[in-house]
Amino acid sequence: MAAPTAYSLIATDLDGSLLRGDDTLSDRSLAALARVSAAGAQHLVVTGRPAPRVRPLLDDLGSEGLAVCGQGAQVYDAGADRLLWSVTLDRELAETALGKIEAEVGQVYAAVDQDGVDGLTLIEPGYLMPHPTLPAVRVGRRDDLWSAPISKVLLRHPDLSDDELAATARGVVGSLATVTMSGPGTVELQPCGITKATGLALAAEHLGLGPGQTIAFGDMPNDIPMFDWAAHGVAMANAHPELKAVADEVTLSNEEDGIAVVLEGLFRR
């Protein structure tokens, strides 16, 4: 059955968007996504979380399809539990980028997401996970972060705000990496040129869909490329001002089921 709206692809960010603050999905959100599926449209998670940290949520959604993970660096096939596509961040470039940032702002605390469907999140001494519910392995020193291929580096500064840290990092990192801000306490370095739009475009092509058929939901500046690519971008009420400034629409907050509200209007029974 064809979707009854212009949108056949529903792309949703997770943290601060589809998920509530306690990392759970509301019954209303689950029901709205079920309505999307019943109408013949596709739901695609597009998140900064790496594939291993997304798999349990896809299980909750009953999804065996695709998901865009790692800020667009991974296209994950949940049904086959494999990566259809992935790109890694060169570890020498990551170390150089960190050095340039610390030369400007002093010590930062770092973590990495390893590549692969079983990749670990490693955190160095002093780094605090922005999402305490997500598993991580603490290592003894920074050099241990580079023990295996990585998809991205996560940064925190003891004093600077996320906006200040991201702005400084963009100013000094140059072409070594792409700098994104994806949530409170989450400034990240990822492979140069890779954004959520990169992975979203690849996943959409795999599904036989394009930007004109896509509506996207998000809450942070890392969602801006996704909004630029999609036909319609919806920011959450709790979204960062930079994202609201480029959104086509602003819905209610993630705690108020803002995505479900929009989907219920688009996919009426």
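## Hairpins around strand 4

Strand 3 (66-69) and strand 4 (residues 74-77) make a hairpin in which four residues separate the two strands, and Gly 70 in the turn has a positive phi of about 60°; strands here are DSSP runs of E with at least two residues, and helices are runs of H or I with at least four, each numbered from the N terminus. This is a predicted model, in which local features need pLDDT of at least 70 and side-chain atom pairs count only at pLDDT 80 or more, while totals for chains, interfaces and linings use all residues. Residues are numbered from 1 along each chain as its sequence is written, and side-chain values use heavy atoms, with hydrogens and water left out.

Strand 3 and strand 4 run antiparallel and are joined by four bridges, with Val 75 as the bridge partner of Val 68; strands count as paired if DSSP finds at least two bridges between them. Strand 4 is also joined antiparallel to strand 5 (residues 82-86) by four bridges, and in the hairpin of these two strands Asp 81 takes a positive phi near 50°.

## Burial and the core

Gln 74 and Tyr 76 on one side of strand 4, and Val 75 and Asp 77 on the other, are all buried, where buried means under 20% relative accessible area, exposed over 50% and partly exposed in between, with a 1.4 Å probe and protein chains only.

Tyr 76 is also among the residues with the most contacts inside the largest nonpolar core, which has 31 residues; such a core is a set of buried Ala, Val, Leu, Ile, Met, Phe, Trp, Tyr and Cys residues joined through side-chain atoms within 4.5 Å.
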